[in-house]
Amino acid sequence: TIFFAVFGIDSWKWLAVLLALIPTVNIYNFATCPIEYLVDEDEGMGISALFKTPLFWIAIILMVCSGASELSMAQWASAYAEAALGLSKTMGDLLGPCLFAVSMGISRILYGKYGEKVDLSKFMLGSGVLCVVCYVLASLFLNPVVGLTGCILCGFSVGIMWPGTFSIASASIRGGGTAMFALLALAGDLGCSGGPTLAGFVSSNLGNNLRMGILAAIVFPILLLAGIQICKKSRQDT
């Protein structure tokens with residue numbers, strides 16, 4: 001945002017080059033970072049065994065919905081702030097994805113500090129309900145303050161979804177191993193691409209009505225809530 005304000009939005013290509021420095025540095029970080037194995041290499045479940053585990057598929061759904069719930073709002077937050085709320089590009093970025101990210105970081109910091117005292121399932125259920133409320137605020141209320149509040153609080157609501165799903169899967173599926181976490185990450189990335197795509201598709205087919213596009217994405221936190229309830233019940237039964 002600062003770069004665009006100083007050098008103009010037409011210089012976006014140079015900004016992309018600067019941002020490319022981050023993954024370049026991470027090449028070294030990933031190459032030298034020690035890897036801790038959660039289970040012995042020979043004890044991890046194989047893909048075929050995972051596919052036969054019902055809880056694994058619930059975790060897959062949770063990951064898809066987690067990624068979609070996060071990115072459907074985050075990726076469209078700036079455009080939403082500009083088109084639906086009439087803000088400038090700079091203010092749209094600062095009040096949209098920037099504060100979304102800040103609130104998401106606060107959520108993860110709080111859970112990281114006090115997580116041992118909180119029931120993860122209840123925390124995720126509360127986060128899912130808050131996420132649904134945020135999507136309603138952002139899509140159905142015309143007041144700009146209310147709409148932006150929905151965008152910002154949505155970051156807080158989705159903060160625990162991705163890491164929380166990993167924790168639930170790890171506790172529910174003993175010996176899941178590397179294959180499980182790799183497939184869960186893949187499902188999360190699928191949600192990260194599918195959620196914004198759905199929002200954009202609906203918006204485009206309704207006369208570029210971004211509010212309705214965001215409203216369509218409310219299906220993901222609703223499915224997430226259902227998945228958490230099913231997973232919670234399954235764990236209690238076992």
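Angles between helices count as roughly parallel under 35 degrees, as roughly antiparallel over 145, as roughly perpendicular from 65 to 115, and as oblique for the rest. I begin with this convention, since the helix pairs come first. Helices themselves (H or I, at least four residues) are DSSP runs numbered from the N terminus, as are strands (E, at least two).

The structure before you is a predicted model, in which local features need pLDDT of at least 70 and side-chain atom pairs count only at pLDDT 80 or more, while totals for chains, interfaces and linings use all residues. Residues are numbered from 1 along each chain as its sequence is written, and side-chain values use heavy atoms, with hydrogens and water left out.

Let me turn to the packing of helix H8. Its residues are 120-140. How are H8 and H9 oriented to each other? The axes of H8 and helix H9, residues 144-158, come within 8 Å and cross at roughly 160°; H8 and H9 are therefore roughly antiparallel. Axes here are lines fitted to C-alpha atoms, for helices over the stretch in contact, and the angles run from 0 to 180 degrees between N-to-C directions. The crossing of H8 and H9 is left-handed, a term that applies if the near helix is turned anticlockwise from the far one by less than a right angle, with right-handed used if clockwise.

H8 also packs with helix H5, residues 54-74, at an angle of about 25° and with the axes 12 Å apart. H5 and H8 are therefore roughly parallel. Their crossing, too, is left-handed.

Next, helix H13, which spans residues 219-237. For accessibility, buried means under 20% relative accessible area, exposed over 50%, and partly exposed in between (1.4 Å probe, protein chains only). Val219 lies in H13 and is partly exposed because its relative accessibility is 34%. The C-alpha atom of Val219 is separated by 8.5 Å from that of Cys65, although the two residues are 154 apart along the chain. Is Phe220, also in H13, buried or exposed? Phe220 counts as buried, because its relative accessibility is 13%. Between the C-alpha atoms of Phe220 and Val133 there are 13 Å, with their positions 87 residues apart along the chain. Further along H13 is Ile230, which is partly exposed at 47% relative accessibility. Ile230 and Leu55 are 175 residues apart in sequence, yet 8.9 Å apart in space, C-alpha to C-alpha.

A further long-range pair involves helix H10, residues 161-172, where Ala169 lies. Ala169 is buried, because its relative accessible area is 2%. The C-alpha atoms of Ala169 and Ile60 are separated by 9.2 Å, and the residues are 109 apart along the chain.

I close with two loops. Asn208 sits between helix H11 (177-205) and helix H12 (210-216). Its phi is near 55°, a positive value in a residue other than glycine. Asn208 is exposed, because its relative accessible area is 62%.

The other loop, between helix H7 (89-114) and H8, holds Val118, which is partly exposed at 34% relative accessibility. Which residues join Val118 in a nonpolar surface patch? They are Val102, Ile106, Leu110 and Tyr114, and the patch has an area of about 400 Å². Such patches are made of residues with over 30% relative accessible area and no salt bridge, with like charges joined within 9 Å and nonpolar side chains (Val, Leu, Ile, Met, Phe, Trp, Tyr) within 5 Å. A salt bridge is a side-chain nitrogen of Lys or Arg within 4 Å of a carboxyl oxygen of Asp or Glu. Accessible areas come from the Shrake-Rupley method with a 1.4 Å probe, and for residues only the protein chains shown count as cover.
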